[in-house]
Amino acid sequence: MTETRLRDQICQFGRSLFERGLTPGSSGNISVRLDDGGWLVTPTNASLGFLEPARLSRLDGSGHLLSGDAPTKEIPLHSALYETRRGARAVVHLHCAHCVAVSMLPEIDPKAALPPLTPYYMMRCGATALLPYYRPGDAAVADAIRGLAGKYSCVLLSNHGPVVSGDTLEAAVFATEELEETAKLYLMTRGMNPRTLTPEQVTDLAAAFGKSKPDTTS
């Protein structure tokens, strides 16, 4: 896909996510890794609903700004996911309400932040990790993501929101949307002892769609 088309796609997906209330105000950011090792990334303090293709930040492979507006302060978390998820070509970070709510609950397992409630959660997300709170833009979050050793494509940042990688921007967006829907289902059924997918069903889906299984070991 050409850089021009990727710029348009970032703006289209950003507007869609914003208009559906998945990331309010100027929150959230999107990046795409280019064939030359550089990135396109949304600018700092930019609303995803009102992005302009020509003003997206163009970075080189070392993260230095080449053109466009100044990039999001969340570059460290994007960089760490690209570093540890070698097949990743896009990263989406939102402040969607249900994911943020789940990230604040005391019972959440850091190695399996959400149970396998639906097949599409396993197909698009696999397992989801929960990381401790870091100040937005704190470079220390990169070390925390590196500590996951590339095992998770979906990560919840405590009291903050999800960050999701994918092999295309479309895949990353769809996985983020599925993560938010699963968080919503979890909150709707919390305390009701819902029937989750069986271990055999989870294993089958993980194998069929190349996703990691939730780690429920202590």
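Reader: Let's start with helix 7. Which exposed residues sit on the face turned away from its buried side?

Author: That face carries Glu200, Asp204, Ala207 and Ala208. Keep in mind that this is a predicted model. Here's the general idea: an α-helix has 3.6 residues a turn, so residues three or four places apart point the same way.

Reader: And which residues of helix 7 are buried?

Author: Helix 7 covers residues 199-209, and its buried residues are Val202, Leu205 and Ala206. They span an arc of only 100° around the axis, which puts them on the same side of helix 7.

Reader: What covers those buried residues of helix 7?

Author: The cover includes helix 4, residues 119-124. Met122 is a good residue to look at here, as its place is in helix 4.

Reader: Is Met122 buried or exposed?

Author: Met122 counts as buried, because its relative accessibility is 0% and the cut-off for buried is under 20%.

Reader: Which residues does Met122 touch, leaving out those up to four places away in sequence?

Author: With that exclusion, Met122 touches Val202, Leu205 and Ala206, and those are the buried residues of helix 7. Met122 also touches Pro116, Leu197, Lys211, Ser212, Lys213 and Pro214. For a sense of distance, take Met122 and Ala101: they are 21 residues apart in sequence and 20 Å apart in space, C-alpha to C-alpha.

Reader: What happens just after helix 7?

Author: Gly210 comes there, and it takes a positive phi of about 65°.

Reader: Which residues have a positive phi although they are not glycines?

Author: Asn159 is one of them, at about 60°. Its place is in the loop between strand 7 (154-157) and strand 8. Asn159 is partly exposed, with a relative accessible area of 45%. Asn193 is another, with a positive phi of about 55°. You'll find Asn193 in the loop between helix 6 and helix 7. Asn193 is exposed because its relative accessible area is 72%, and exposed starts at over 50%.

Reader: Let's move on to helix 6. Where does Thr182 lie, and is Thr182 buried or exposed?

Author: Thr182 is in helix 6, and at 1% relative accessibility it counts as buried. Not counting residues up to four places away in sequence, Thr182 touches Leu114, Pro115, Leu117 and Tyr121. Thr182 and Leu148 are 34 residues apart in sequence, and their C-alpha atoms are 21 Å apart in space.

Reader: How should I read empty space in a model?

Author: Rolling a probe the size of a water molecule over the atoms shows where empty space is left. In this structure, the largest pocket holds about 280 Å³ of space. It is lined by 16 residues, and the closest to its centre are Arg85, Ser165, Gly166, Asp167 and Lys211.

Reader: Which helix and which strand each supply at least two residues of that pocket's lining?

Author: Strand 8 (161-166) and helix 6 (169-189) each do so. As for chemistry, the lining of the largest pocket has five nonpolar, six polar and five charged residues.

Reader: How many cavities of 30 Å³ or more does the structure hold?

Author: It holds one. The largest cavity has a volume of about 50 Å³. Its lining is made of Glu74, Leu77, Pro132, Tyr134, Arg135, Pro136, Gly137, Val141, Leu157 and His160. By type, that lining divides into six nonpolar, two polar and two charged residues.

Reader: One last stop, Ser27. Where is Ser27 found?

Author: Ser27 is in the loop between helix 1 (3-19) and strand 1 (29-33). Even so, don't assume that a loop residue is exposed: Ser27 counts as buried, at 11% relative accessibility.

Reader: What does the side chain of Ser27 make a polar contact with?

Author: Its partner is the side chain of Thr23, at 2.8 Å. The side chain of Ser27 also reaches the backbone oxygen of Pro24, at 2.5 Å. If you leave out residues up to four places away in sequence, Ser27 touches Leu48 and His95.

Conventions
Residues numbered from 1 in each chain as written. Predicted model: local features only at pLDDT ≥ 70, side-chain atom pairs only at ≥ 80, totals over all residues. Heavy atoms only, no water. Buried < 20%, exposed > 50% of the residue type's maximum accessible area, 1.4 Å probe, protein only. Helix = DSSP H or I, 4+ residues; strand = E, 2+ residues; numbered from the N terminus. Arc of directions from axis to C-beta. Contact = heavy atoms within 4.5 Å. 1 Å grid on protein atoms, 1.4 Å probe; cavity = no way out; pocket = protein on both sides within 12 Å on 5 of 7 lines; lining within 4 Å. Points joined across faces, edges and corners; volume = space filled by probe spheres on them. Nonpolar A, V, L, I, M, F, W, Y, C, P; charged D, E, K, R; others polar. Polar contact = N/O pair within 3.5 Å; in protein donor to acceptor, adjacent residues only side chain to side chain.
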